[in-house]
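Thanks for asking me to look over this model with you. Please keep the structure open beside these notes, so that you can find each residue as we come to it.

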Amino acid sequence: MEQTEGVTCITSRHENYAPAIATRHLALVNDRFLVIIDHVTGLSKTDTVQIHYHLNRTELIHSGMRSIISLDDGPAIELAVGDDPADLVIEDGKISTINDVWHDSKLVCFHITPVENGECWFATLAVPYPQSPGKQTSSVRQLSSDGRLVLECQADNHAFRLTLDGNQLIRENL
């Protein structure tokens, strides 16, 4: 776990799909926004990567602007993605409570194609309570250079840049 000013980051690595290796960085920014960064290496040109989010929501829309927004009566949630996935699927699911009571939910799956060097990056900004429920309020722009990932994020009148270099995550206000 790494902490920099206003950011707490946890990194995990999954090697059970060798030769592919999946690394996930979870960064909590200002105790308000969750940034999820997935980095997969060791892929062949014909592989695809599926990133799944199981949301405790029953009504979701794809805004067409790289954003998934909840519309149901519960607290709003918004997922803004930093790169256009090759394919996006929203499907029905089930989720259970602590008492094993099942209820309806939605699964969101992004399909991503790796770049020529056999790796892919995928970043998501999760905003638990957007200022305008049902309307896109956040965005993330994903840039990669020299093995680093740079994200420019906006949410709730905050603008910040996150730079991931190896396992070090640096935050700058914009």
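The numbered points below go from the overall fold to single residues.

1. **What kind of model this is.** Please keep in mind from the start that this is a predicted model. The protein chain has 15 strands and zero helices, so you can follow the whole walk below by strand names, E2, E3 and so on.

2. **Overall dimensions.** Try turning the model around: along its principal axes, the C-alpha trace spans about 45 × 35 × 35 Å. The radius of gyration is 16 Å, and this agrees with the value near 16 Å that a compact globule of 174 residues would have. Of those 174 residues, 39% are buried. If you look at contacts between residues at least 6 apart in sequence, 48% of them join residues at least 24 apart.

3. **The largest nonpolar core.** Which residues touch the most other members of this core? They are Val35, Ile37, Leu125, Leu151, Leu162 and Leu169, out of 21 residues in the core. Two or more residues come from each of these strands: E2 (7-14), E3 (21-29), E4 (33-41), E11 (120-127), E13 (148-155) and E14 (158-165). Colouring those strands should help you to see where the core draws its residues from. Another core, of 19 residues, lies apart from this one, and its members include Ala20, Leu43, Leu55 and Cys120.

4. **A hairpin to trace by eye.** Strand E9 (residues 87-96) and strand E10 (residues 102-112) run antiparallel and are joined by 10 bridges. One place to begin is aspartate 87, whose bridge partner in E10 is histidine 111. Where the chain turns back, five residues sit between E9 and E10. Among the residues of that turn is aspartate 100, with a positive phi of about 60 degrees.

5. **Serine 105, a polar residue to inspect.** Staying in strand E10, we come to serine 105. Is serine 105 buried or exposed? Its relative accessibility is 2%, so serine 105 counts as buried, the cut-off for buried being under 20%. The side chain of serine 105 makes a polar contact of 2.8 Å with the side chain of histidine 54. Setting aside neighbours within four places in sequence, serine 105 also has contacts with Leu55, Asn56, Arg57 and Thr58, among others. On the E9 side of the hairpin, the residues in contact with serine 105 include Glu91, Asp92, Gly93, Lys94 and Ile95.

6. **A stacked aromatic pair.** The structure has three aromatic pairs. In one of them, the ring centres of phenylalanine 33 and phenylalanine 160 are 6.0 Å apart and the planes meet at 25 degrees, so this pair is stacked. Phenylalanine 33 belongs to strand E4 and phenylalanine 160 to strand E14, and the pair links parts of the chain 127 residues apart. Both phenylalanine 33 and phenylalanine 160 are buried.

7. **An edge-to-face pair.** Tyrosine 53 and phenylalanine 110 make an edge-to-face pair, with 6.2 Å from centre to centre and 80 degrees between the planes. Because tyrosine 53 is in strand E5 (residues 49-55) and phenylalanine 110 in strand E10, the pair ties together parts 57 residues apart in sequence. Tyrosine 53 counts as buried at 9% relative accessibility, and phenylalanine 110 counts as buried at 2%. Add Phe122 to your view as well, for Tyr53, Phe110 and Phe122 form one aromatic cluster.

8. **Backbone details worth a second look.** Most peptide bonds are trans, and most residues other than glycine have a negative phi. With that in mind, look at the loop between E2 and E3, where proline 19 lies. The peptide bond from alanine 18 to proline 19 is cis, with omega near 15 degrees. Then move to the loop between E3 and E4, which holds asparagine 30 and aspartate 31. Asparagine 30 has a positive phi near 55 degrees, and aspartate 31 has a positive phi of about 55 degrees. How accessible is asparagine 30? Its relative accessibility is 31%, so asparagine 30 counts as partly exposed. Aspartate 31, at a relative accessible area of 69%, is exposed.

Key: Residues are numbered from 1 along each chain as its sequence is written. This is a predicted model: local features need pLDDT of at least 70, side-chain atom pairs count only at pLDDT 80 or more; totals for chains, interfaces and linings use all residues. Side-chain values use heavy atoms; hydrogens and water are left out. A nonpolar core is a set of buried Ala, Val, Leu, Ile, Met, Phe, Trp, Tyr and Cys residues joined through side-chain atoms within 4.5 Å. Buried means under 20% relative accessible area, exposed over 50%, partly exposed in between (1.4 Å probe, protein chains only). Helices (H or I, at least four residues) and strands (E, at least two) are DSSP runs, numbered from the N terminus. Two strands pair if DSSP finds at least two bridges between them. A polar contact is a pair of N or O atoms within 3.5 Å; within protein, one must be able to donate a hydrogen and the other to accept it, and residues adjacent in sequence count only if both atoms are side-chain atoms. Contact means heavy atoms within 4.5 Å. Rings of Phe, Tyr and Trp (its six-membered ring) pair if their centres lie within 6.5 Å; planes under 30 degrees apart count as stacked, over 60 as edge-to-face and the rest as tilted. The radius of gyration is taken over C-alpha atoms; the globule rule is 2.2 Å times the number of residues to the power 0.38.
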